[in-house]
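Hi everyone, thanks for coming. I'd like to walk you through a structure today, one region at a time, so please have it open in front of you.

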Amino acid sequence: MSVLELKDVSISHVQGLEKNTVVHDVNVSVKAGECFGLVGPSGCGKSTLLWVLAGLNPHWSGGIQLLDQPLKPGKVFSGELRRRVQMVFQDPYASLHPKHRLRRALSEPLKLLGYQDIDDRLSEGFKLVGLTENMIDRYPHQLSGGQRQRVAIIRALLLEPKLLLLDEPTSALDMSVQAEILNLLNELKAKRDLTMIMVSHDPEVVDYMCDHAVTMKAGRIDKETFYD
Amino acid sequence: MIDSSLQSKDPLEKSTKRIASGFRLPYWLNTFNVGLVMVVILLGLALLAPLLSPFDPNLQNIQDRLLAPDAQHWFGTDRFGRDLFSRVLYGARPTLILVSLVVILTVPIGLIVGICAGYFGGWTERVLMRMTDIVMSLPSLVIALALVSILGPGLMNGALALAFTSWPSFARQARTETLSIRRSDYLSAAKMQGITGWRLIIGHILPLVLPSAIVRAALNLGGIILAAAGLGFLGMGIQPPTAEWGSMVSSGSRVIFDQWWVAAVPGFAILFASLAFNLLGDGLRDKMDPRHDK
């Protein structure tokens with residue numbers, strides 16, 4: 001069963017009236033429970049592809065089947081699909097709202113979904129990623145980079161996603177913290193039955209994490225690799 | 001080794017600083033604190049006017065008209081024999097009410113227009129920002145005069161007229177700030193979590209745009225006080241016999257060569273109020289600036 005099916009997908013960046021196509025004719029299939037890697041030099045279009053899958057860039061053409069649902073170009077995600085696809089961003093210093101305490105940042109989407117047991121879910125989430133619960137009333141600037149990235153992971157997982165997008169989740173962190181976060185993600189993938197799509201320019205990280213990867217070059221798929 | 005080199009450098013730096021600045025001000029004497037104290041004094045005087053003023057501000061006493069300042073009438077009397085000290089104290093009230101009305105009207109309007117323009121972009125932005133440009137290009141006191149002469153003079157109409165021309169600077173600033181955070185990761189993350197529309201604008205964008213709008217409001221207040229006094233001076237503000245600084249200067253200007261204090265006293269009050277808010281705004285801006293070193 002495949003979670004994601006891309007057929008001849010091209011993606012553009014729209015600026016004013018100009019359209020700049022940066023990803024051309026990508027065909028990819030990602031199976032459930034897989035960790036899929038997108039590798040390539042900077043500017044090859046891997047992050048652009050990820051942002052389309054995140055529903056943050058609607059300017060694409062071709063066919064996308066995401067979580068058994070065909071997507072339409074130009075439309076934003078809503079409802080169930082919006083919730084089941086979550087992302088962990090590259091820079092943990094920029095992905096948390098600077099004026100919101102962790103409690104607010106994490107509980108607001110759950111409130112919108114109408115959950116009652118928000119506090120229990122939050123404390124469960126903190127345990128899951130190895131943070132202590134007393135941090136919950138802190139602001140992001142009172143946390144270290146690794147801690148913030150863990151918070152970003154909780155935030156994504158609280159919505160119980162089926163597909164977790166990782167945009168170079170460790171590139172802004174130092175080596176020892178990198179290893180911790182990668183191990184955490186591996187653990188979570190096993191526990192939570194997650195499918196992950198990971199963008200990285202580091203072949204070692206992809207080697208360590210992924211079952212299946214494509215290398216992109218100048219907006220096209222250059223080669224496809226399966227790891228054991 | 002590193003320690004000793006640091007220590008040897010330190011005194012040198014201190015001494016050059018001291019020479020450059022001549023003398024050092026005590027740390028508490030900064031723009032913000034001076035402005036704050038002045039504003040607090042102003043608010044206190046306005047609130048406690050009935051307790052502090054020795055005379056009824058509207059009590060006319062023709063025998064005592066145009067008296068010079070003395071022990072009984074600290075600031076002298078005007079041409080109806082009213083005590084100027086009491087009138088100046090009471091005059092702080094309409095000024096402050098008008099100024100706060102203007103702020104209450106302009107800040108929300110400016111923020112809504114600016115955030116919508118920055119967030120939605122496209123045609124919304126073009127229409128809203130061109131409207132802002134048009135209003136910004138209008139001469140504010142002239143338009144305020146025109147509006148007051150249509151609506152009729154008075155406190156509320158004066159505030160409306162001044163508000164009409166002072167919201168665009170807030171809109172511009174809010175738009176610029178919204179543009180700079182529109183593509184930020186944390187807003188993208190919020191959208192991915194299903195937070196959209198007004199919830200995103202009010203809960204996530206507004207908290208980041210509001211602090212600088214408050215600083216700008218404090219800076220603008222000085223100008224608004226001057227404009228309010230200008231309206232009063234031209235007879236378009238609060239109507240006599242209510243004490244108002246602008247109209248007091250206007251009535252004093254008739255006798256300015258012989259009894260200068262009648263115009264000078266409310267004039268100094270205007271100067272004091274305007275300076276207080278300017279200093280406060282300046283100090284707030286310094287405090288909010290991340291490069292501020294204290």
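Let's start with Arg65 of chain B, which lies in the loop between H3 and helix H4 (84–120) of chain B. Before we go on, please keep in mind that this is a predicted model. How exposed is Arg65(B)? Its relative accessible area is 41%, so Arg65(B) is partly exposed. What does Arg65(B) touch, once we leave aside its neighbours within four places in sequence? The contacts are Thr77(B), Asp78(B), Arg79(B), Phe80(B) and Gly81(B). For a sense of distance, take Ser149(B): it comes 84 residues away from Arg65(B) along the chain, and their C-alpha atoms are separated by 32 Å.

Staying with chain B, let's look at its surface. Val37(B), Ile41(B), Leu45(B), Leu47(B), Leu48(B), Leu51(B) and Leu52(B) form a nonpolar patch there, and together they have about 670 Å² of accessible area. Two elements of chain B give two or more residues to this patch, namely helix H2 (31–47) and helix H3 (49–52). Which of them gives the largest share? That is H2(B), with four residues, and Val37(B) is a residue of this helix.

Now for the salt bridges. Over all chains, the count comes to 16, and I'll pick out a few.

In chain B, Glu125(B) and Arg175(B) meet through their side chains in a salt bridge, at 2.6 Å from N to O. This pair links distant parts of the chain: Glu125(B) is in helix H5 (residues 122–136), Arg175(B) is in helix H8 (residues 168–182), and they are 50 residues apart. Is Glu125(B) buried or exposed? With a relative accessibility of 16%, Glu125(B) counts as buried, whereas Arg175(B), at 23%, counts as partly exposed.

H5 and H8 of chain B are also linked by another pair, Asp133(B) in H5 and Arg172(B) in H8, which are 39 residues apart. Their side chains form a salt bridge with an N to O distance of 2.5 Å. Asp133(B) is partly exposed, at 24% relative accessible area, and Arg172(B) is partly exposed as well, at 37%.

Over in chain A, Asp119(A) forms a salt bridge with Arg103(A), and their closest N and O atoms are 3.5 Å apart. Asp119(A) belongs to helix H4 (residues 118–129) and Arg103(A) to helix H3 (residues 102–112) of chain A, so the pair ties together parts that are 16 residues apart in sequence. Here Asp119(A) counts as exposed, at 51% relative accessibility, while Arg103(A), at 32%, is partly exposed. Chain A also has a network of salt bridges that links Arg83(A), Asp117(A), Arg121(A) and Glu160(A).

Next, the sheet in chain A. It is an open sheet of six strands, in the order E6-E7-E8-E3-E9-E10, with mixed pairing. Why do E6 and E10 each have one side without a neighbour in the sheet? Strand E6 (85–88) and strand E10 (220–226) stand at the edges and have a single partner strand each, so one side of each is left free of a neighbour. From one strand to the next, the twist averages 20 degrees.

Let's zoom in on the pairing. Strand E3 (residues 35–39) and strand E9 (residues 212–217) of chain A run parallel and are joined by four bridges. One residue to find there is Leu38(A), whose bridge partner in E9(A) is Val214(A). Helix H6 (residues 175–192) of chain A packs on the sheet, where it touches E3, strand E7 (163–167) and strand E8 (195–200), and its direction makes about 155 degrees with that of E8(A).

On to E9(A) and E10(A), which run antiparallel and are joined by six bridges. Val214(A) turns up again here, opposite Glu224(A) in E10(A). The hairpin of these strands has two residues between them, and Ala218(A) takes a positive phi near 50 degrees.

Two more positive phi values to finish. Glu168(A), which is not a glycine, has a phi of about 45 degrees; it lies in the loop between E7 and H6 of chain A and counts as buried at 8% relative accessibility. Asp193(A) has a phi near 60 degrees and sits in the loop between H6 and E8 of chain A. Asp193(A) is exposed, with a relative accessible area of 63%. Thanks for listening!

Notes
Residues numbered from 1 in each chain as written. Chains lettered and ligands numbered in written order. Predicted model: local features only at pLDDT ≥ 70, side-chain atom pairs only at ≥ 80, totals over all residues. Heavy atoms only, no water. Patch = residues over 30% accessible without salt bridge, like charges linked within 9 Å, V, L, I, M, F, W, Y side chains within 5 Å. Areas by Shrake-Rupley, 256 points an atom, 1.4 Å probe, with all protein chains shown as cover. Salt bridge = Lys/Arg side-chain N within 4 Å of Asp/Glu carboxyl O. Pairing = 2+ DSSP bridges. Axes fitted to C-alpha atoms, helices over the stretch in contact; angles between N-to-C directions. Contact = heavy atoms within 4.5 Å. Buried < 20%, exposed > 50% of the residue type's maximum accessible area, 1.4 Å probe, protein only.
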